[in-house]
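Reader: I have a structure on my bench screen and would like to understand the reasons behind some of the terms used for it. Could you take me through them one at a time?

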Amino acid sequence: MAITFDDEKKIFLLHTPHSTYVIRIFEGRVLHGGWVKRIKNYSGACAMPLIDRAFAAVPEDLHGKCDFSPDTVQWEYPVALRGDTRSPAIEVIGNGGTVECELLYEAHRIYKGKKALVGLPATYTNTDDEADTLEIDLYDPNSALKVTLFYTVWNTLDVICRHSVLKNSAKDVLDVRSAMSASVDFPHARFSMLQLSGAHARERHVIMRELVPGMQKVESRRTASSHQQNPFIALVEQGATETHGDVFGFNLVYSGNFTAQTEVDQYGVSRVQLGINPFNFSWKLAEGESFTTPETVMVYSQNGLGEMSRIYHDLYRSNLCRGEWRDKVRPIVINNWEATYFNFNSEKLFALADTAAAEGIELFVLDDGWFGKRNNDWTSLGDWDVFTEKLPNGLSEISEGIHARGMLFGLWFEPEMISPDSNLYRAHPDWCLHCTERSRTLGRHQLVLDMSRKDVVDYLFEKLSAVLSSCKIDYVKWDFNRSPSDVGSALLPVEKQQEVSHRFYLGLYDLLERLNKKFPHILFESCSGGGGRFDPAMLYYMPQTWTSDNTDGLSRLAIQEGTSIAYPASAMSCHVSAVPNHQVGRVTSLSLRGHVAMAGTFGYELDLNKLSDLEKAEIKEQVAWYKDIRHTAEFGDLYRLRSPRSCTAFSESPLFAWESVEKDKSKAVVTAVWSFSEANESYDILKLEGLDENANYKIKSLAGLSIKMLVRQFFPSAPDSEFCVVADDTVISGEELMNIGLCIINRTNYGGSLHFKLERV
Ligand code: GLA
């Protein structure tokens, strides 16, 4: 058992392979005792002392009995107005009208495996042996509130998953104003807080800030996990790097408003909390009802950020993502969006499909514009019937034509939205989110459906099921192109309006669950104007997400690097698009765009028929190459080898480099991209990681035909090896690759990227 309870000392020990998490019960209170590198024999002698401090209130039953200040100890689930003035984990208004409560230990249970969370996505065990769970029941002696804290401790990964369930055990109606999923008090503040922040088309850049006294937090109030802040933070111990030092990661499995915060108190204790954002939230709990908070996935790494990421990747690939596609390599996509936008007909689609099929591409995705009267983004969301003026022979002609060309067929939807100019809106003007008296707020000319309503969710289930059953559809891109603003529902009474933002997600999750069950063969991809809902909750229903609307090869470097901090490559959808790039106007080589997009599930999003023969030949080469390396790229262990974030010497180049290694170390893929070219650059030493030091590897590079041609114009006798660090087919030992490293240099500005594979020989 990974979890033990010492009845005499009243101490719980939660052991992951390399960490120990301590919970202690003191005078009925549940205190936190530390989360540290694994301890075999715990005595408790080094526990933080309980000391009475000035200006600290103590509950009467403890007053004068012991040195105990609620304000200065470490808690498991801190309450409000009982002496701890830091951020509480829970605020519930009962009959007394205040948020005061006390949570005392009542009972606990330890068992193998993990229970599902009611109505919410969460990590799961495939067999009971993978994890053990501890439930601690707490009660408030003066109100109807009962709380159960859940801790699932993984046996082979340094992961602890936490959530809580609140229950009303009596007649009073409880008003839940805030209930965190997890709260962890670290005894010091010698950390930086890492967050993944950005904007539309600039998502999830890695930002670090040193902790200082007071509150530091990231949050979303957009009723979506958001482009701006991801529901993820990590505490990175001072001096920790990509490969060294203690790092603690926290990721909320939720797609709505969240808070992820660290409060440093007067004595340097750092309280981390994640949960539903208390902004515009309240939940009325009647007698016998329960409220389940979303799950927080907490990861410990003793070897820096890289190991933390690999733990998240392993967990999310095998214990969060689900379905037939979970462990399968993903098809290479051609998406018509940037090729045609709304301006297509069946001839254009088939012309694109012909070329895509000839290139070896495997999945054709028909994006926005196939339904209602959708020739622009002012109309038709909600009318999920084929646009017969555009596609007179319906979707079946397209699906059959695509399958006849040997490809899978995929379709775009934006189910949670409704255009004011739609039959659905004309029939049901009250089906959108709105606050009754006020005018409605539009985003991208559209309104958001009220997913808190069962009739809306049922309608969508029936309507989408009809389309998905009407012809062979193998893939769905599920978009969400604005954040909700008028978060109110026509069906709920005034006192329950602040439940709408959470009920919206319960409705969405219910719909997705039903569709997953009904269409198990479909590969679902989540999207929200790119990566506006790249969160673990969506990955539970859809194993991949469109990473960003920004497809520029260089912009993608920081976006993909930040995304990889918590999310695996198999979840990260990446496409090669045209130049000049449609978002930033930049021209980069096809080779570089291909190298960068091969960091995730791969595809193209451009008009292949506008390319030269040389470019088409290069794409054919890329497609064949990706098929060979994709298992390693999508399911291997990721090592972020270099990042401009970690440049220290003035002469170091702005280099991004990453490596994926098969679990059995038989293969690896390495990519290095210089984000700009400098004159007379210094060389870089790229030390590889994770290889078998006793094995030899054969190297082969993908330089890209167009790059080779370009270079030959200037250097007619340049051999292929010019583009690789060492000549193709050279055999090098794992030891040398890891301990000496490859010497690479951006010798010209003819591309700025290197990509090669290594195979054990
Ligand atoms: C969003 C998506 C794009 C595309 C458009 C279609 O912006 O991120 O990939 O599907 O919608 O309107």
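Author: What follows is a short set of questions and answers on this predicted model.

Reader: Why is helix α3 called oblique to helix α11?

Author: Helix α3, residues 346-359, and helix α11, residues 613-635, pack at an angle of about 55 degrees, with their axes 9 Å apart. Because angles under 35 degrees count as roughly parallel and those from 65 to 115 as roughly perpendicular, the angle of about 55 degrees makes α3 oblique to α11.

Reader: Which residues make that contact, and how many of them are nonpolar, polar or charged?

Author: From α3 come Thr 355, Ala 358 and Glu 359, while α11 contributes Lys 616, Ile 619, Lys 620 and Val 623. By class, the contact has three nonpolar, one polar and three charged residues.

Reader: What makes the pair of Asp 367 and the ligand a polar contact?

Author: A polar side-chain atom of Asp 367 lies 2.6 Å from an oxygen atom of the ligand, and the cut-off for such a pair of N or O atoms is within 3.5 Å, so the pair counts as a polar contact. By that cut-off, Asp 368 also qualifies, with a side-chain N or O atom 2.6 Å from a ligand oxygen atom, and so does Lys 477, where the corresponding distance is 2.8 Å.

Reader: How much of the ligand's accessible area does the protein cover?

Author: The protein covers 96% of the 310 Å² of accessible area that the ligand has on its own, and 13 residues surround the ligand, with Arg 444 and Asp 549 among the closest.

Note on methods. Residues are numbered from 1 along each chain as its sequence is written. This is a predicted model: local features need pLDDT of at least 70, side-chain atom pairs count only at pLDDT 80 or more; totals for chains, interfaces and linings use all residues. Side-chain values use heavy atoms; hydrogens and water are left out. Axes are lines fitted to C-alpha atoms, for helices over the stretch in contact, and angles run from 0 to 180 degrees between N-to-C directions. Helices (H or I, at least four residues) and strands (E, at least two) are DSSP runs, numbered from the N terminus. Angles under 35 degrees count as roughly parallel, over 145 as roughly antiparallel, 65 to 115 as roughly perpendicular and the rest as oblique. Contact means heavy atoms within 4.5 Å. Ala, Val, Leu, Ile, Met, Phe, Trp, Tyr, Cys and Pro count as nonpolar, Asp, Glu, Lys and Arg as charged, and the others, Gly among them, as polar. A residue is near a molecule or strand if one of its heavy atoms lies within 4 Å of it. A polar contact is a pair of N or O atoms within 3.5 Å; within protein, one must be able to donate a hydrogen and the other to accept it, and residues adjacent in sequence count only if both atoms are side-chain atoms. Accessible areas come from the Shrake-Rupley method with a 1.4 Å probe; for residues, only the protein chains shown count as cover.
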